[in-house]
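Student: I have a new model open on my screen and would like to learn how to read it. Could you walk me through it?

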Amino acid sequence: MLLQTNPNKIHFSLRILLISIFVSASFAQAPDTIWTRTYGGSNIDIGTFVSETTDGGFIITGYTRSYGAMSGRNVLLIKTDQTGNPLWINGYGGNNDEEANAVVQTSDGGFVASGYTKSFGAGGNDFYLIKVDSNGIQVWERMFGGTSDEEVYSMIITDDGGFLLAGATSSFGAGSRDIWLVKTDAFGNQQWTKTIGGLSSDGARSISKTSDGGYIITGWTFSYGPGAVGNVWLVKTDASGNMIWNKFFGGTDVERGLSVKQINDGGYIITGYTASSGAGLDDMLLIKTDSLGNAEWQHTFGGSGRDYGNSVIQTSDGGFVVTGYTLSFGAGGDDLWIVKTDAQGNLLWNKTLGGAQSDVGYCIKEISDGSLIVAGHTLSFGAGLHDVWLINLASVIPVELVSFNAKVTGNSVELNWTTASETNNRGFEIHRSFLQSGSQNLSWEIVSFVNGKGTSSDLTTYKFVDKNPGPGKYFYRLKQIDFDGNSKYSNPVEVEIISPKEFILEQNYPNPFNPTTEIIYVIPEGVENVVILKVYDVLGNVVTTLVNEKKQPGIHKVKFSAVQKNNSELTGGVYFYQLKVGNYIITKKMMLLK
């Protein structure tokens, strides 16, 4: 039997293989951009935070000079559909400045945003909390603060449906600035406040829930640590905001923690920036700690310029992805920067997005379809001075597949694929589809499963041989499955098996066998003789005749059993099976185990 592949497809696969291996030696492949959207008017519009909504769309907040009162900055809210098309855009606030840094969807379908206001409140900047309905119509607003400045940088919905606001206060606390936590009910009414800090300047930039019902906070501290200009601060609290422990990280120069999340192992991942270590002026910083805040590893990313990490998440593959900006790489000015690492913080890929002007990423999320959504601002694109920028990137793939191709080996189809790295990889289902003549539809069947490496940063090569699938056009694909049940499909590869040109008698399988085995034989085109397939014992006696008739050209399969038609059983030992077609005779040996 002759198996023929499309030579153009094989050449293409080999060329991709060589290129991919070269790329994988440094970084895995960054995902493609699915779509981008810009929003704004003729002035400045900044997107600082994005969340996926229950209808599959997105809610974005930040600040605007294009909408609202127009005499200053106003809180900006943008609601979009699932592909980023705007449904409504509104500004909120007074005649002075308001900014928002977080937004959540509430159980009634509305939204609550938080930040600061200079238009309302007790003095200076005050914590600002604003509720709108699902159409963006304002329902209520709340202000919290003293005679000096307070700013909200992060907010979460609490288990009772209320809100916990985290930021900094100059009106209360022990030092010039303290972390300030304000807990409200679902209607924005204050329930309690807490200040955390020392005698100098301290503040919170990010707060997240923890598995014990408490909270984890990162930000800055001048009260603790060796840095005269501030270190990263990590603070753990209970459910009432009481500090349980705190840790600082950094050297003698400036560090800031800008985003923190609890991760799968109970520890914490922090991003921000550092000037005490790394390659340039400021480098993107990534710190992994255990559940008690003790550093397990730290990595910096960047070049000779300033490079910041503004938002970090753990992705479904167990690694991490950070967005921020870079002055070291990209097209020019600040470029929006996305950095992906494995679970140990080792760089897998990085991606810059932007033009010649300033472009920054402030928030990144992994959404329900496994893709990434990034919110920020762009000066390079859009209608205004700065526009809100929303970017959707393809899924974070837990297995970096750098090649997948098919080739002919004897009478079978051999599939080969290579991974650059694997995280949480259980393995690969092999799917095959036979394309019927005149049909354009592929109907997939599972033909095998190949175990993966689990988690590995090494280049790994796999092989699967599909024996004698028969004449026709076939497509193969891989379904990669991780231990959590998440899966991804590869692009299909194609082979065509033309009608056989020679007789073939395959070795039976399994061999040795008990009690049954399968024999495959191939009849070429143009054969009109009777096909005879017999089984003999070691003395040359005919045990049984399996085939004695004319057969169409192609691949044929027949079962042979040690249990005969009269229910008698053959004894264990060596047997021979012989294919005879005209003058063509071929004989092979098989073993029956007892």
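**Reading loops, domains and overall shape**

Tutor: Let's start with one residue: N567 sits in the loop that runs between strand 41 (554-561) and strand 42 (573-581). Keep in mind that this is a predicted model.

Student: What is the phi of N567, and is the value positive or negative?

Tutor: Phi is a backbone angle, so its sign is worth a glance whenever the residue isn't glycine. For N567, phi is near 70°, a positive value, and this residue is indeed not a glycine.

Student: Okay, next loop. Where does P510 lie?

Tutor: P510 is in the loop between strand 37 (504-505) and strand 38 (516-523). P515 belongs to the loop between strand 37 and strand 38 as well.

Student: What kind of peptide bond joins Y509 and P510?

Tutor: For this one you read omega. The bond joining Y509 and P510 is cis, with omega at about 0°. Then look a little further along: N514 and P515 are also joined by a cis peptide bond, and there omega is about 5°.

Student: Let's zoom out. How many helices and strands does the protein chain have?

Tutor: Counting elements gives you a first feel for a fold. Here the count is 1 helix and 43 strands for the protein chain.

Student: Is the chain spread out or compact?

Tutor: You compare the radius of gyration with what a globule rule gives for the chain length. The protein chain has a radius of gyration of 33 Å, while the rule gives 25 Å for 594 residues; the value is well over that, so the chain is more spread out than a compact globule. As for the box, the C-alpha atoms fill roughly 105 × 50 × 45 Å along the principal axes.

Student: Into which domains is the chain divided?

Tutor: There are domain 1 (400-497) and domain 2 (504-592). Their centres, taken over C-alpha atoms, are 31 Å apart. The contact between them draws on 5 residues from domain 1 and 5 residues from domain 2.

Student: How much area do domain 1 and domain 2 bury between them?

Tutor: Look at the area, then at which atoms supply it. Domain 1 and domain 2 bury about 430 Å², with 57% of it on carbon and sulfur atoms. On the side of domain 1 that touches domain 2, the residues are 2 nonpolar, 3 polar and no charged.

Student: And how many salt bridges cross that interface?

Tutor: The rule finds 0 salt bridges between domain 1 and domain 2. Residue pairs in polar contact, with both at pLDDT 80 or more, also come to 0.

Key:
Residues are numbered from 1 along each chain as its sequence is written. This is a predicted model: local features need pLDDT of at least 70, side-chain atom pairs count only at pLDDT 80 or more; totals for chains, interfaces and linings use all residues. Side-chain values use heavy atoms; hydrogens and water are left out. Domain bounds come from an automatic or database domain assignment. Contact means heavy atoms within 4.5 Å. Buried area is the accessible area (1.4 Å probe) that two parts lose on being put together, summed over both. A salt bridge is a side-chain nitrogen of Lys or Arg within 4 Å of a carboxyl oxygen of Asp or Glu. A polar contact is a pair of N or O atoms within 3.5 Å; within protein, one must be able to donate a hydrogen and the other to accept it, and residues adjacent in sequence count only if both atoms are side-chain atoms. Ala, Val, Leu, Ile, Met, Phe, Trp, Tyr, Cys and Pro count as nonpolar, Asp, Glu, Lys and Arg as charged, and the others, Gly among them, as polar. Helices (H or I, at least four residues) and strands (E, at least two) are DSSP runs, numbered from the N terminus. The radius of gyration is taken over C-alpha atoms; the globule rule is 2.2 Å times the number of residues to the power 0.38.
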